[in-house]
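Open the model in your viewer, in cartoon representation, with side chains hidden at the start. The stops below say what to select next and what is there.

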Amino acid sequence: MSNASVPNVCEFNTVPDGNPQVESPLAWSYQQHPVPRTNGQAGVVLREKALLGHLVLRGGAIVLDEAVRATLGMSLPAKPNALEHDDSGERTIQWLSPDEWLVIVPGGEEGALESALRQVLGDAHVSIVNASGGQTVLTLSGDNAREVLMKSISYDVHPSTFTVGKGVTTMFAKATVVLRRPSETHWELVVRRSFADYCYRWLLDASAEYGIDTQ
């Protein structure tokens, strides 16, 4: 067995030069699956928060918490399934497992944040994965949003059980998603890019009886 030390991680700039055209994971879906017209006010409002920065952090809670506080000015959620956000609500940190957290920031910030975290962490035994290109966030609101979730997942979404500031990894139809409740009126689905079209079409079908607005 070799006694050679593990080399330091090398960072590579993966941002392309120039201004290449970017599309949300649902760009094709919007064209291929138009929303049925509603008679009156829609009971479900669906929006995509596209092209955000997603970083998955894994490692010891103490060392990661210190680094996150130094770079983002936020603390890691200490409780299971907890969701924290900054004063603007644009930056969130969610507990995924005992040593795993999901950080979501406005698009374009993730590269600098990753570099800043690595600088602070130094040789600490941690993992930082930029998952920005592989995930998107769908938001649900409206009077019937919870009814749609009740038809789509097995997790209990009653307000007494799924309180504001909670997030869980669960099954949505046949896809794995992270379901979050950032406010009293809104729900969020963090969806893998490969499942985005499937979840979008499922939501269109599940919301048809209530009327859905995606504009």
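**Stop 1: the six-stranded sheet**

In this predicted model, begin with the open sheet of 6 strands, ordered β8-β9-β10-β7-β1-β11, in which the pairing is mixed. Select its edges, β8 and β11 (212-213): each has a single partner strand, so one side of each lacks a neighbour in the sheet.

Next select β1 and β7, which pair in the antiparallel sense over 5 bridges. Within this pair, E48 has L138 in β7 as its bridge partner.

**Stop 2: T136**

Stay in strand β7 and select T136. Is T136 buried or exposed? T136 has a relative accessible area of 1%, and the cut-off for buried is under 20%, so T136 counts as buried. Show its side chain together with that of E48: the two make a polar contact at 2.8 Å. Leaving aside residues up to four places away in sequence, T136 touches P25, E48, K49, A50, L189, V190, V191 and A196.

**Stop 3: the largest nonpolar core**

Now show the side chains of L138, L140, L179, W187, L189 and L203. In the largest nonpolar core, which has 26 residues, these touch the most other members. At least two residues of this core come from each of β1, β7, α4, β8, β9, β10 and α5. Which element gives the most to this core? That is α5, with 6 residues.

Select L138 alone and display its surroundings. Not counting residues up to four places away in sequence, L138 touches L26, L46, R47, E48, W187, E188, L189, V191, C199 and L203. Another core, of 16 residues, lies apart from the one just shown; I93, L113, L117 and I128 are among its members. Stops 5 and 6 return to some of these residues.

**Stop 4: helix α4**

Select residues 145-152, helix α4, and color A145, V148, L149 and S152, which are buried. Looking down the axis of α4, you will find its buried residues within an arc of 100 degrees, so they line one face of the helix. The spacing follows from helix geometry: an α-helix has 3.6 residues a turn, so residues three or four places apart point the same way.

To see what covers the buried residues of α4, add β1 (44-49), β7 (135-141), β8 (166-172), β9 (175-181), β10 (187-192) and α5 (196-207), which are included in that cover.

**Stop 5: helix α3**

Move to residues 110-121, helix α3. This helix has 12 residues and reaches 16 Å from its first C-alpha to its last, close to the 16 Å expected at 1.5 Å a residue. Color E110, L113, E114, L117, R118 and L121, the buried residues of α3. In the view down the axis of α3, its buried residues fall within an arc of 130 degrees, so one face of the helix is lined by them. On the face turned away from that buried side, pick out A112 and Q119, which are exposed.

What covers the buried residues of α3? The cover includes β2 (53-58), α2 (61-72), β5 (100-105) and β6 (127-130). L113 and L117 are also among the members of the 16-residue core. Just after α3 comes G122, with a positive phi, near 60 degrees.

**Stop 6: strand β5 and its partners**

Finish at β5. Of its 6 residues, 6 are buried, so β5 is largely enclosed by the rest of the structure. Show the side chains: E100, L102 and I104 point one way, W101, V103 and V105 the other way, and all are buried. In a regular strand the side chains alternate between the two faces of the sheet.

Add β2, which pairs with β5 in the antiparallel sense over 6 bridges. R58 stands opposite E100 in β5. Then add strand β4 (residues 92-97), which runs antiparallel to β5 and is joined to it by 5 bridges. Here I93 has V103 in β5 as its bridge partner. A hairpin of 2 residues links β4 to β5.

**Last view: the whole chain**

Zoom out. The secondary structure of the chain comes to 5 helices and 11 strands. Of the 215 residues in the chain, 42% are buried. Among contacts between residues at least 6 apart in sequence, 63% join residues at least 24 apart.

How values were computed. Residues are numbered from 1 along each chain as its sequence is written. This is a predicted model: local features need pLDDT of at least 70, side-chain atom pairs count only at pLDDT 80 or more; totals for chains, interfaces and linings use all residues. Side-chain values use heavy atoms; hydrogens and water are left out. Buried means under 20% relative accessible area, exposed over 50%, partly exposed in between (1.4 Å probe, protein chains only). Helices (H or I, at least four residues) and strands (E, at least two) are DSSP runs, numbered from the N terminus. The arc is that of the directions from the helix axis to the C-beta atoms. Contact means heavy atoms within 4.5 Å. The expected span of a helix is 1.5 Å times one less than its number of residues. A polar contact is a pair of N or O atoms within 3.5 Å; within protein, one must be able to donate a hydrogen and the other to accept it, and residues adjacent in sequence count only if both atoms are side-chain atoms. Two strands pair if DSSP finds at least two bridges between them. A nonpolar core is a set of buried Ala, Val, Leu, Ile, Met, Phe, Trp, Tyr and Cys residues joined through side-chain atoms within 4.5 Å.
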